Amino acid sequence: MTAEGERATQPEDLARLFVERANAGDAVGLAALYEPDAVLAYPPGHMTVGRDAIRAVYERFLASAPHLDQEEPLPTVRAGDLALTSTRPGDDAVARAQVARRQSDGTWLRVLDRPEFRD
């Protein structure tokens, strides 16, 4: 992603930007949606910590050129500069949830991400 890439002005923008960048094969752009010390609960059973490690996970994920569909957003829960976002999955996952934080410039980045819960 270049410095000119779209930034999330609302926490709800992050899910859309994630799908757009994933479908474009942009691991750098995906990682840019996270704070530098963010935690990604992926791959299942593991915690990936930090933007560089998150980028590496997404590089491996995108190597198979998956196509992601936009999912229905559930209502965002906000408390000050924190927001809990989630979507209704279109696959066999039970839920997806993320915590985002408003940055000093007013944009939003993910802090915690659990991309899939399974039964």
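A residue counts as buried when its relative accessible area is under 20%, as exposed when that area is over 50%, and as partly exposed in between. These cut-offs are used below for single residues in what is a predicted model.

Start with the overall fold. The protein has three helices and seven strands. Read from the start of the sequence to its end, they follow the pattern α-α-β-β-α-β-β-β-β-β. The radius of gyration is 13 Å, close to the 14 Å that the globule rule gives for 119 residues, so the protein is as compact as a globular protein of that length. The C-alpha trace spans about 35 × 35 × 25 Å along its principal axes. Of the 119 residues, 38% are buried. The exposed surface of the protein comes to about 6700 Å², and carbon and sulfur atoms supply 55% of it. Among contacts with a separation of 6 or more, 43% are between residues 24 or more positions apart.

Ser-86 is an example of a buried residue. It belongs to strand E5, which covers residues 82-88. Its relative accessibility is 17%, and because the cut-off for buried is under 20%, Ser-86 falls in that class. With neighbours within four places in sequence set aside, Ser-86 is in contact with Glu-72, Pro-73 and Leu-74, and also with Arg-96, Ala-97 and Gln-98. Two of these partners, Glu-72 and Pro-73, make up strand E3 (72-73). Arg-96, Ala-97 and Gln-98 fall within strand E6 (95-102).

Asn-23 gives a second view of how separate parts of the chain meet. This residue lies in helix H1, which runs over residues 13-23. Its relative accessible area is 32%, so Asn-23 is partly exposed. Not counting residues up to four places away in sequence, Asn-23 touches Pro-66, His-67 and Leu-68. Asn-23 and Pro-66 are 43 residues apart in sequence, yet their C-alpha atoms are 7.0 Å apart in space.

Next to Pro-66 in sequence is Ala-65, in the loop between helix H3 (51-62) and strand E3 (72-73). Ala-65 has a positive phi of about 50°, although it is not a glycine. With 62% relative accessibility, Ala-65 counts as exposed, because that value is over 50%.

Another loop holds a backbone feature of its own. A cis peptide bond joins Tyr-42 and Pro-43, with omega at about 0°. Pro-43 is placed in the loop between strand E1 (34-40) and strand E2 (48-49).

The remaining topic is the largest pocket. Its volume is about 550 Å³. The pocket is lined by 22 residues, and the closest to its centre are Phe-18, Leu-68, Glu-71, Arg-96 and Pro-115. The elements that give two or more residues to this lining are H1, H3, strand E6 (95-102) and strand E7 (108-117). The largest share comes from E7, with four residues. By residue type, the lining divides into nine nonpolar, five polar and eight charged residues.

Some residues named earlier return at the pocket. Leu-68, one of the residues closest to the pocket centre, is also touched by Asn-23 of helix H1. Arg-96, likewise among the residues closest to the centre, is a contact of Ser-86.

Definitions and conventions: Residues numbered from 1 in each chain as written. Predicted model: local features only at pLDDT ≥ 70, side-chain atom pairs only at ≥ 80, totals over all residues. Heavy atoms only, no water. Buried < 20%, exposed > 50% of the residue type's maximum accessible area, 1.4 Å probe, protein only. Contact = heavy atoms within 4.5 Å. 1 Å grid on protein atoms, 1.4 Å probe; cavity = no way out; pocket = protein on both sides within 12 Å on 5 of 7 lines; lining within 4 Å. Points joined across faces, edges and corners; volume = space filled by probe spheres on them. Nonpolar A, V, L, I, M, F, W, Y, C, P; charged D, E, K, R; others polar. Rg over C-alpha atoms; globule rule 2.2 N^0.38 Å. Areas by Shrake-Rupley, 256 points an atom, 1.4 Å probe, with all protein chains shown as cover.
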